[in-house]
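Please open the model in your viewer and keep the selection panel at hand. The stops below go from one chain to the other, and each begins with something to select.

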Amino acid sequence: MKNIRKILVCILAALFLFGVVAGCSKEGGETPVTPGSENLAPATPGAWEGGTHEIYVEEGSADFISNGRSDYVIVIPDECGDLVETAASEISVLIYEASGITLDVVTDAALPNTNYISVGNTQAAASAGVSISGDIAARLDDNGVYVQTKDDNVYIMGTTDTGTLYAAYTWLEYQLGFEVYGADEVVIATDVRDMKLNEMNIIDAPDIQYMQSTYGFTDYNTTLRQRMRITDNTIWLTIGNSPWHNSFKYVDPDIYRSLHPEWYSEDGTQLCYTAHGDSASLTEMAELVAERIESEIIAQDRSYVTITMEDTSTWCTCADCTALNQQYGTDAVSVIRFCNQVSALIDEWFATPEGTPYERDLKIVFFAYHATEPAPVTYDEATDTYAPIDDTVLCADNVGILYAPILATYQKDFYDEYNAPYYTALRGWETITDNIYMWTYSTGFHYYLVPTNTYNSMQANYRLWAEVGAEWLLDQSQYNSIQSTGFCALKLYLNAKLHWNVNYDMEELIDKFFTNYFGPAATTMRRYFDELRSHFLFMEETMDYVGYQGIEPLEQRYWPATLLERWISYCDQAEEDLAALAEEDPTAYAMYLENVQLESLSPRYLLLDLWGNRFSESELTALRNQFRNDCNALEVNRYAEKQAITELWSSWGI
Amino acid sequence: MHSGDTWGTPSTFSLYGDCANGQTYATQAYYLWFDYTSKTLYTGANMTEVVRFDDPVVFSQFWNGFENGTAYLSITCGSYNSSSTTLVFTNIANIDLTQGDTEEVRDTQAPAIDIDLPAEIPQAVVGQPYRLFGATVSDDEDSDPDFSCRVWYGYGSSLASEFDVIDGAFTPDRAGDYVIEYSAKDNFGNVATQTVTVRAAARSEALAVTLTGSAQAGLSGENVQVRGYEVSGTVGEWNVAVTASLQGSDVVYDVTDGVFLAEYAGTYTVTYTLSDYISSVSESYDLTVEAGNIVRITEVPALPDYLIAGCTYDLSGAVAYAYASGSPVETAVTFSSTDEQATISGSLFTPATEGEITVTFSAGTAEPVSVTATVVEVGYGDSVHMENYFYGANITSSASSSSVAVQASQDASFTFINPVDAGFSITAAVDPERNAFGILRMTFTDPEDAACGFTLDIFRNEEGANAIVEIDGNTAGSFSGSWYGNEGAPISFTISYNTSTKMLSIGSLTVDLSVAPYSFGGFASGRVSIGGAFAEVSGEAGIFVSSINNQSLNSRDYDIANPQITLLGAMSRSFAPGDVVTVVPAIATDVLDPHVSFTVTVTDPSNAIVTSQSGVALDGVDPGMQYTFVVDRLGTYSVLWEAEDGSGLSQSSYFTISVTDNQAPEIRYVNGSVRTGSVGQTIPVAEIEVTDDFTDDVVYYVYLTRPDGVMIPLYTMAETVTYYNGFIPDVAGAWTVTYYAADDAGNAAIVSYTVNVM
């Protein structure tokens, strides 16, 4: 807590002050404090220094493209996985898009005597002595990229096929200016007829290894997801049909509750991870879970698995679970011990002849969520440090937490006093395990069409996740809507960039996004966005519009009609800004227009839902019908996480 | 696929493209067939019938097919378990797509050009503009084919010359043949061309209109005969427009069939304008009209077809003019009636005797004007006999405790004598003991426009089957109306009409009358006259009518239903100060009482009476007119309509109008702003002034956006807001200062500027 207070003082003192503004409505005020140099510290911790981003690029002398021709080929290993082939294909496709030149893709065995772009662990790379050394491999981890230019050849690789694919995008970025803002909003050099091959020495790894896909934009578009370096669920062993909330998939109550009632909480909503104090029975349950994981390990080539509680805030209240809670101040301890036990069983199996072929560095992860959110630690105020209460609460080396602070306030970063309990918990968990995975929340799940403000907290939080060594991040959003409004496309872009490098200049990222996502309409749409952000702050400060679960956003006082109408007029103006493009470049026009229309949905929804009395009955019906048609055309198919958008039509009577 | 059974129509194919159990892709294909002639859908390689779209057992609303016999086929996929799906079409519309040659699926049909040609193509006159004939272009695939229209002299020869088309006309400069070439091209490159040849020559005879006969004087108030005319030198179709203008005034009359009603004494200029295809020419003469000792009745009120004995009708609205002074002077009109028992008081007329009557309007020496109507005795003002509201020859009507029975023993028609609200609802049933008739016909017409309406025919059903319904002769569907009742008890059905959506419901059948083939525009007056008829009567025919527009029809002898108020238009609810509000006309109707007192009152937020823009105090005024007024105060304005029928039953309708401040405050920089600075340097923020149209004390807030994109407030907030007039940046980059000012209504002004910090 002390950390938080100290930082707050800095916030107030570092930036402002001086006298009282003679505002037209205010009389007098407090005497301002003149800042001293000690107050010039940043409001929240600045750049995170722990990343690997070694980028060396300069123009070389070799001709990559000359007079509209290139002698380069793309070489892949004789045998390689799909992602390596995809990497090669992407390079070929995007070079063609930039220059009209098709480079052949060949395998090592068919490599002609010419310059090449090597993708993956090719024989060509081995022959050239280009490989990822042990030290670099450790720094790259699973998804880092390694790009080298040597003797006018290019070597693109990662420690995994995913890393290789991402390395291909890295090379394209620094050779051809490749950048992705959306499915169609791809920026790359064009009409290239002459180009030198850039000399590159790049060792670049994401600050957060895995960014989980959480938007329909990427869930329904594999190419976009890959280009944004966002992962899908396929790193996790699937237990049942999902990696999450799978405890009952392991220990099916329909089968086992009658046989082992001690395996379940009194109300049957969770497992009992102490088996009501029966250690032998608990071992039997652990063996059941371990066997299931072992069978999935055999079937799936994945290295992460979860043992995750059911999605409720309840917990077992048996005497043993209650005693643990009283002793450790959290319900997480029984889960830690259970997962450790399962981990040990699996390690034993790996050592058997049956299990050895499948041995891997398996990570077992449980939710730190609701009842298991607090860490079993003590806090020393004098030293501002946390420590495990005892050794029995430490996670095994390969056991980790999936921290999901669902009640945190995401308009503010975790350094803010609003989020003190969640910041504290995270700091505590750092002493319990080195394996931290983050599950955060980026939208209003009951109101998909209402924009939410996470822009003030995003970078500071991502830096914090990197600082605690989070390996995986799900910044959960509108995963089940094919497309989303409320500047979700911007959030997706920021997610993609910031997880890779938490120190990117966020304002610069936002500028680039608007320029390339809206084209000639960028200035107008940026004006809408900036006003929206200031309005968020206004609501926060004057109407206590803050919190995640606690906000009910559908009130007229939050969204004045004239403000919504102005934002809608900005979208109309944006369409006019694009008009000249209709003839010059119909494809670009259609792309930008769709993006503007997608963003117009949010203020239109709020106006038509909250301010229907501003229209006659026939006008309102017509506008709502038009809104519905636009949602259908733009594939905005969800009104909320649990509600299809057709329910909105029903409530509107259309 | 299911139709009418619980098992459905099996259709086996693989959604996984998976050929299991020795199957092949061919046997795993999905087949869908549609026989347009029989409107039958089939599935499977063996064409198993799924359903007929015109089967009344399954469908209550019939589908009449695609309008032009063609349709677009589309297929969508959903609930993906993967990121994509691939469909392979091997055959569409009997086109084998496996052969590789896809020429057959190209559009090879050129657009169609339809030129609006006259019966005889007029000759062009050298030196005179010649209007091109209009044309419309259509294409099966391209909604907007390219179209051009060019004119050539010497078309097709090496010396062909093209003529400019200006404002839809070309001007031939020499005699000869000119070809107008109409050309259209669709997206697939199919071209259609049509030509029209026009011969041009010097006009052989000048266009002229020659007056015949002699000028005759006339009298004001009389129809005046003008001179005749002859025409010559015309090309193509021609016409002559004749007008009479009173000299020294703006008064102009159209002369029809050689006469016009000269309302004023004076000198008229009678002008004849002859126009042919090429040009026009005029001729005129003066005509003198003297003051005439004439009185003329020009307008009489329309009487309803049926009057209710004992009910008072206002027959004001008759207009007569006396022309003795040389100008029309309105003069009094009186009226009399053949109903000797009727009461006349001023313009109020109360008929008393049942039967056909004549009302005659008189004014001085004017020729009287008579109108006829039928008076019906219903017990108005006394004990009401609801059955008497059903009036017609060859019918009898009687009332029971639950309904009014209307019966006939031969083909007969009847009318419900009082027009009701156009959003009608009628509940009726066929008498199962008097069902010897083939068609129950209902007619619904606008009482102010007999041409506006529609006819509903309900056909006697086979027992156990639905009854077929036709609207204006078009089969609309069927519903469970029954001629046979249920074990002797009649089965009621409701016919209702929604004025907003123009949907007509007959039992469970719903028909959209706004679309083809009906294209019904609605009842403009807001009222409807209901008529009925028994057709194809072969014995005893009868129906029970239990209610109209929520008015129960039975043997009760008094009215229990309130009047109904209907607005003849839409009104908005939300306005800004200074806006003009329109109060639309409204009507009040009562099923049994033609006489409904009806007023409208408009009040402002302080409850004061509002005055319209034309100076009318809107306090209990006639709602049948439209009023406009300006809202100049914030708050709620109220519009109250009140109606009361002769029985004292009342109805009111209340409409609120919100006037809200929609104007955001204005922010003005007082002394400009500092746009550059350095790290660690104190940078002042701009001083602003905020004004608002309604809020005296506008609160504003100042925000600062750091170069890293984080936005923070530049003030502290306790009981009051304390601002700071500067900030000290700690990093270089772009810092943005934003001012957010909101008035009491929540309207927000947001302005910002950027400071570049080095």
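Begin with helix H21 of chain A, residues 617-634, and colour Ser618(A), Gln626(A), Asn629(A) and Ala633(A), which are exposed on one side of this helix; exposed is used here for a residue with 12 or fewer other C-beta atoms within 10 Å of its own, buried for one with 20 or more, and partly exposed for anything in between, with C-beta atoms placed from the backbone. Before going on, note that this is a predicted model, in which local features need pLDDT of at least 70 and side-chain atom pairs count only at pLDDT 80 or more, while totals for chains, interfaces and linings use all residues. Residues are numbered from 1 along each chain as its sequence is written, and chains are lettered from A and ligands numbered from 1 in the order in which they are written.

Now add the buried residues of H21(A), which are Leu620(A), Arg624(A), Phe627(A) and Cys631(A). Looking down the helix axis, you will find these buried residues within an arc of 55°, so they line one face of the helix; the arc is that of the directions from the helix axis to the C-beta atoms. An α-helix has 3.6 residues a turn, so residues three or four places apart point the same way. To see what covers the buried residues of H21(A), select helix H20 (586-610) and helix H22 (646-652) of chain A, which are among the covering elements. Helices (H or I, at least four residues) and strands (E, at least two) are DSSP runs, numbered from the N terminus.

Next, select the two end C-alpha atoms of H21(A): they are 26 Å apart, which agrees with the 26 Å that its 18 residues should span at 1.5 Å a residue, the expected span being 1.5 Å times one less than the number of residues. Just after H21(A) comes Glu635(A), whose phi is positive, near 60°.

Turn to chain B, whose secondary structure comes to zero helices and 65 strands. Its C-alpha atoms fill a box of roughly 105 × 90 × 80 Å along the principal axes, and buried residues make up 30% of its 758 residues.

Within chain B, display the open sheet of five strands with the order E7-E14-E13-E10-E11 and mixed pairing. Strand E7 (124-125) and strand E11 (161-163) stand at its edges, each with a single partner strand, so one side of each is left without a neighbour in the sheet. Inside this sheet, E10 (residues 146-153) and E13 (residues 176-185) of chain B pair in the antiparallel sense over eight bridges, where two strands count as paired if DSSP finds at least two bridges between them. Select Arg150(B) to find its bridge partner in E13(B), Glu181(B).

Another open sheet of five strands in chain B has the order E16-E23-E22-E19-E20, again with mixed pairing. Here E19 (residues 239-246) and E22 (residues 266-275) of chain B pair in the antiparallel sense over eight bridges, and Val242(B) has Tyr272(B) as its bridge partner in E22(B).

Finish at Gly635(B), in strand E53 (residues 635-645) of chain B, which counts as exposed because it has 12 C-beta neighbours inside 10 Å. Leaving aside neighbours within four places in sequence, Gly635(B) is in contact with Pro605(B) and Val659(B), contact being C-beta atoms, placed from the backbone, within 7 Å.

Terms used. Two residues are in contact if their C-beta atoms, placed from the backbone, lie within 7 Å.
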